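Me: I'm new to this one, so could you show me the structure? Then I'd like to ask why things are called what they are called.

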Amino acid sequence: MEFEPEAANNPFERLIRENRAGQENKPWRGSFLDYLELVKEHPKLTELSHARIFDMIMRSGSGEILDTEDEHTRRLYKGHSLKTYPFFNEEFFGIDETIERIVRYFHAASLKGEESRQVLYLMGPVGSGKSSLVEKLKHGLEELPPFYAIEGCPMHEEPLHLIPRQLRKAFEDMLGVRIEGELCPVCRYRLESEFGGRYEDVPVVAKIFSKRHRTGIGVVPPVDPNNQDTSVLIGSEDISKLDLYSEGDPRVLDLNGALNVGNRGMVEFIEVFKNETEYLHAMITATQEKVIPAPGRHGMVYVDTCIVAHSNEAEWQKFKADHTNEAILDRIVVVKVPYNLRLSEEIKIYRKILDRSDFRAHVAPHTLEVASMFAILSRLEPTGKCDLMTKLKLYNGEEVVEKGRVKKFEVSELREEVKGEGMSGISTRFVMKALDRSLSESPEGITPIHIRETLIRMVKESDLPDDNRKRYLEFLQDTLHKEYLAILEKEITKAFVYAYEEQAETLFQNYLDHAEAFVNKTTVKDQNTREELQPDEEFLKSLEEQIAIVGSAAEGFRQDVIGYLWAASRRGQIVSYQSYEPLRDAIEKKLMNSVRDISRIITKARTRDEEQQEKYHELIQNLLHLGYTPYSADVVLKYAANNLWKD
Ligand SMILES: Nc1ncnc2c1ncn2[C@@H]1O[C@H](COP(=O)(O)OP(=O)(O)OP(=O)(O)O)[C@@H](O)[C@H]1O
Ligand SMILES: [Mg+2]
């Protein structure tokens with residue numbers, strides 16, 4: 001067989017060849033006249049930076065937070081209108097208010113309101129997602145179709161700037177777009193010297209936003225205060241060329257500052273207030289006046305970019321306290337980025353970060369939940385209305401039962417009590433470090449027990465203020481210890497009770513039949529014998545006493561249950577044993593009690609007889625179904641034996 005290089009099956013070679021073929025597919029290039037044709041057809045090509053970013057976000061659509069089947073979300077946001085943006089939804093959790101605020105900024109700015117001349121400033125505690133939010137925006141730009149720029153312009157400037165003043169109105173009318181901005185000194189010079197002023201001949205190219213290539217995306221890290229050289233922002237004069245050209249010749253310019261390269265897109269200022277005030281003035285003029293100074297004596301340069309800055313609250317407070325900064329403060333739109341305070345969403349954050357990491361070890365059920373509970377407890381302000389764990393559950397959209405009744409106050413009441421909740425506490429990074437550490441220490445997998453131990457160790461080692469450390473240890477050693485045992489007992493019961501859901505459902509239906517008959521003073525028809533029976537009060541009591549409803553309270557409770565479920569089914573909801581939280585609690589507790597003895601005997605036993613052995617095997621099998629591995633099932637069962645059913 002003859003050797004044919006084209007047919008080579010070497011995958012490396014194929015990849016290289018395909019890649020090269022892709023590169024040969026050169027980006028669009030044409031004359032200014034060609035560009036005008038394009039604009040006529042697609043006026044959006046000339047969008048300014050804020051509008052471009054707003055459209056980018058809206059390409060993924062928008063929704064309403066209440067448009068969901070999720071009962072917890074519906075409960076939590078009842079009566080509120082909050083927009084959601086799928087552009088952010090897959091990566092950001094529990095900060096919908098923040099995201100809505102950010103999008104509102106871009107919306108107003110896209111309409112060229114005052115906000116288009118202000119800096120968007122994200123302020124929040126460490127690890128609350130500020131950098132990631134900005135990263136998401138930058139990445140979004142990189143995924144956009146190309147934008148068009150004057151070829152060779154260091155600032156990728158809008159080709160329409162080539163149109164002289166006196167003709168702009170006519171062009172605007174013909175194209176149906178607004179033309180804003182002036183040529184940069186470099187392009188102005190080239191127009192005259194290279195093209196003899198014939199701007200219709202100036203070539204235009206399509207460009208892709210790129211952070212790495214500094215195309216339409218500029219980043220300004222905090223600068224060493226002793227070396228605040230504005231060239232980082234606005235470029236510089238090339239000293240080696242100063243001898244070659246006369247003073248004021250734009251050929252000496254290196255317009256490669258962040259505000260130059262970020263023209264058309266965005267410029268990010270990291271830890272913005274670490275910079276000297278002088279430095280910030282360049283940022284403010286860039287956004288307020290849409291011009292920046294050119295280095296040396298080259299006048300001002302028009303820029304169109306969206307400035308996004310971020311830092312933590314301490315720096316913001318320090319900056320704000322200095323009244324000489326008032327002028328700057330007035331030109332900043334502050335958006336707070338607090339920590340998420342909703343348990344279900346916190347779990348999603350760690351799931352996301354873990355999925356992106358290389359850790360592949362097993363994470364047992366409830367591990368991320370326990371870690372997340374810790375993070376959220378640390379962020380909550382205490383309230384006189386309930387304990388912190390209850391507050392956590394209410395903030396999660398759960399119903400909380402107290403003395404047989406659903407607690408009757410609204411989350412908004414709790415929220416109004418405190419200002420600035422979520423601006424302090426344990427950061428996502430702290431919890432991630434604990435997870436990483438547990439995972440590397442326990443390659444067989446981690447359980448809530450591991451993560452709690454690691455968190456305890458890390459809190460002890462940390463240099464937190466003493467009172468915080470004490471509070472955090474209390475959460476871990478007391479609150480979460482108890483909470484986890486409650487979770488674990490329920491879990492083991494589920495694994496123990498044959499067809500748990502079915503049994504719970506049967507108890508629920510029976511309770512309803514008998515409670516209804518009791519309340520309405522009627523009888524219950526026996527399913528099998530079709531006899532009319534008196535309601536079985538003993539049975540009703542056996543469930544009610546699980547949640548300490550005894551004596552005269554029982555009658556009210558039965559009425560509550562029937563009333564609640566009537567209302568629910570009238571609304572067309574499917575009712576199940578989970579519908580009414582207090583009753584669900586009672587049913588679960590009853591089931592737990594029914595297997596408590598046998599669970600204890602079997603999990604504690606060193607030697608098991610044949611029947612026990614079989615039951616134990618079944619228990620393990622069910623735990624595997626619930627997502628455990630043999631290792632993690634063994635760990636949690638031992639823990640249960642030692643802590644749950646102490647003799
Ligand atoms: N609400 C959230 N939803 C999704 N991910 C989040 C959320 N909050 C934090 N994260 C994740 O936590 C990690 C840390 O976030 P990030 O680095 O963006 O924080 P930051 O606010 O910039 O912190 P710093 O002030 O220390 O720079 C990231 O992986 C980020 O994606
Ligand atoms: Mg950051």
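Me: What makes a residue count as surrounding ligand 1, and which are the closest?

Reply: A residue is near a molecule if one of its heavy atoms lies within 4 Å of it. Here 17 residues surround ligand 1, and the closest are Gly127, Lys130, Ser131, Ser132 and Arg429. Keep in mind that this is a predicted model: local features need pLDDT of at least 70, side-chain atom pairs count only at pLDDT 80 or more, and totals for chains, interfaces and linings use all residues. Residues are numbered from 1 along each chain as its sequence is written, and side-chain values use heavy atoms, with hydrogens and water left out.

Me: What makes the Arg429 side chain a polar contact of ligand 1?

Reply: A polar contact is a pair of N or O atoms within 3.5 Å. An N or O atom in the Arg429 side chain is 2.9 Å from an oxygen atom of ligand 1, so that pair fits the definition. The backbone joins in too: a polar backbone atom of Gly127 is 2.7 Å from a ligand oxygen, and for Gly129 the distance is 3.1 Å.

Me: Why is the pair of Tyr511 and Phe557 called edge-to-face?

Reply: Rings of Phe, Tyr and Trp (its six-membered ring) pair if their centres lie within 6.5 Å; planes under 30 degrees apart count as stacked, over 60 as edge-to-face and the rest as tilted. The centres of Tyr511 and Phe557 are 6.5 Å apart and the planes meet at 70°, so the pair is edge-to-face. The whole structure holds 18 aromatic pairs.

Technical notes:
Chains are lettered from A and ligands numbered from 1 in the order in which they are written. A polar contact is a pair of N or O atoms within 3.5 Å; within protein, one must be able to donate a hydrogen and the other to accept it, and residues adjacent in sequence count only if both atoms are side-chain atoms.
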